[in-house]
Amino acid sequence: MTSLTLPQRKAHLDTLAITLLVACCAFWGFQQILIKFASREIPPLWQASIRMWGATALLWLWCQYRGVPLFKRDGTLWGGLLVGLLFAGEFCFIYLGLTHTSASRLTVFLYTSPFWVALLLPRFVKSERLRRIQWIGLCMAFAAVAVAFSEAFLHSSAEGQWIGDAMGLAAGMLWGLTTLAIRTTRIATAAAEKSLFYQLGVTAAVTPLLSIALGETWRFDYSALAWGSVFLQTAVGAFASYLAWMWMLRHYPATQMSTFTFLTPVFALVFGVVLLGEPLTLQLVLALLGVAAGIVLVSRKG
């Protein structure tokens, strides 16, 4: 097997990384609110299609300006297509899931992603084998997910909510698999822009097909607020924040980065309650705390 030439990684997060992570997490928590809001007018996968088309175009323009080659043969094609398909699946589940459950609930399940990385990465990188305290964290995270799921089954007013919860959990798994693929394929050697281009480009191709298959209606006469939501999702979310994440993933410890991402469900919980009037239940708060505490244990080193 050909060895991968990886970029030099820093041993710890510096001020720049911490600042970028907090800013990204704050927006990602708000992003689910934006999707949920726009879904009142724009069908979910049609909304995702518009977003990914726009983000792909912005990234292409950025690469033209920066002189980043996107179509040079470098052995990343098959790894890139795999990463792109996983990314596409993740966002299809996110957009569809938000039609069945609240933004704050889905975000709790989405951020089980580091759990899947911690569980699967040791199979490919032996140095990442889990210790006892990390296994305790895994069990804690699973228990917390079960607590959150129980709410959907115990309350008859939440009809169909378990479908959205399951889609959020599936999206988290696919996000974890995307990170795993980026770390273990030739994509690890590609520029952050090219890695993201695979993800956005494949998703931009897949989501319209699924939108048509589901019979969604395509229009453009939406309100200014709906278009503003899509613009923020596109320019800040799918372009700027994901590009920053791809860059950090190449230069900083992934486990330390994963720990910071648990700020996102906290932001989503607050935004959902304040802006959308979503219910703040004890089970949801316990699930959020349990998932966060569990994966912080998983992410510990030494």
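I take buried to mean under 20% relative accessible area. Ser 104 has 1%, so I enter Ser 104 as buried. The model I am reading is predicted.

**Entry: overall fold**

I began with secondary structure. I count 12 helices and 0 strands in the protein chain. Read along the sequence, the pattern is α-α-α-α-α-α-α-α-α-α-α-α. Next I looked up burial for the chain. Of its 302 residues, 53% count as buried.

**Entry: Ser 104 and its contact**

I went back to Ser 104. Ser 104 sits in helix H4. I then looked up its distance to Phe 267. The two residues are 163 apart along the chain, yet their C-alpha atoms are separated by 8.7 Å.

**Entry: salt bridges**

How many salt bridges does a search of the whole structure find? I get 3. Side chains of opposite charge can pair when their charged atoms come close. I took the pairs one at a time.

I started with Asp 74 and Lys 194. Their closest N and O atoms are 3.0 Å apart. This pair links distant parts of the chain, 120 residues apart. I find Asp 74 in the loop between H2 and H3, and Lys 194 in helix H8 (residues 192-213). Are the two partners buried or exposed? Asp 74 is partly exposed, at a relative accessible area of 30%. Lys 194 has 4%, so I note Lys 194 as buried.

I moved on to Asp 165 and Arg 105. Here the closest N and O atoms are 2.5 Å apart. Asp 165 lies in helix H7 and Arg 105 in helix H4 (residues 103-110), so the bridge ties together parts 60 residues apart in sequence. I checked the accessibility of each partner. Asp 165 comes to 0% and counts as buried. Arg 105 comes to 3% and counts as buried too.

That left Asp 221 and Arg 219. I read 2.3 Å between their closest N and O atoms. Asp 221 is exposed, with a relative accessible area of 55%. Arg 219 is partly exposed, at 33%.

**Entry: the largest cavity**

I turned to internal space. The count is 3 cavities of 30 Å³ or more. The largest has a volume of about 180 Å³. Which residues lie nearest its centre? I list Phe 87, Glu 90, Phe 91, Trp 175 and Tyr 242, out of 18 lining residues. Helix H1 (15-38), helix H3 (77-97), helix H7 (161-184) and helix H9 (224-251) each give two or more residues to this lining. I also sorted the lining by class. It holds 12 nonpolar, 5 polar and 1 charged residues.

**Entry: helix H7, Ile 163**

Helix H7 came up again, this time for Ile 163. I asked how far Ile 163 is from Thr 99 in space. Their C-alpha atoms are 9.5 Å apart, with their positions 64 residues apart in sequence. Ile 163 has a relative accessible area of 28%, so I log Ile 163 as partly exposed.

**Entry: helix H9, Gly 228 and Phe 231**

I checked two residues in helix H9. One is Gly 228; the other is Phe 231.

Gly 228 has 29% relative accessibility, so I put Gly 228 down as partly exposed. I then looked up its separation from Leu 34. The pair is 194 residues apart in sequence and 9.0 Å apart in space, C-alpha to C-alpha.

Is Phe 231 buried or exposed? Phe 231 is exposed, with a relative accessible area of 55%. I paired Phe 231 with Ala 55. They are 176 residues apart in sequence, and the C-alpha to C-alpha distance is 9.4 Å.

**Entry: surface patch**

I finished on the surface. Which residues form a nonpolar patch there? I find Leu 58, Trp 60, Leu 61 and Phe 71. Together they have about 430 Å² of accessible area. I placed one of them, Leu 61, in helix H2 (residues 44-66).

Methods
Residues are numbered from 1 along each chain as its sequence is written. This is a predicted model: local features need pLDDT of at least 70, side-chain atom pairs count only at pLDDT 80 or more; totals for chains, interfaces and linings use all residues. Side-chain values use heavy atoms; hydrogens and water are left out. Patches are made of residues with over 30% relative accessible area and no salt bridge: like charges are joined within 9 Å, nonpolar side chains (Val, Leu, Ile, Met, Phe, Trp, Tyr) within 5 Å. Accessible areas come from the Shrake-Rupley method with a 1.4 Å probe; for residues, only the protein chains shown count as cover. A salt bridge is a side-chain nitrogen of Lys or Arg within 4 Å of a carboxyl oxygen of Asp or Glu. Helices (H or I, at least four residues) and strands (E, at least two) are DSSP runs, numbered from the N terminus. On a 1 Å grid over the protein atoms alone, a cavity is a set of points where a 1.4 Å probe fits but cannot get out, and a pocket is an open set with protein on both sides within 12 Å along at least five of seven lines; lining residues have an atom within 4 Å of a point. Grid points are joined across faces, edges and corners, and a volume is the space filled by probe spheres set on the points. Ala, Val, Leu, Ile, Met, Phe, Trp, Tyr, Cys and Pro count as nonpolar, Asp, Glu, Lys and Arg as charged, and the others, Gly among them, as polar. Buried means under 20% relative accessible area, exposed over 50%, partly exposed in between (1.4 Å probe, protein chains only).
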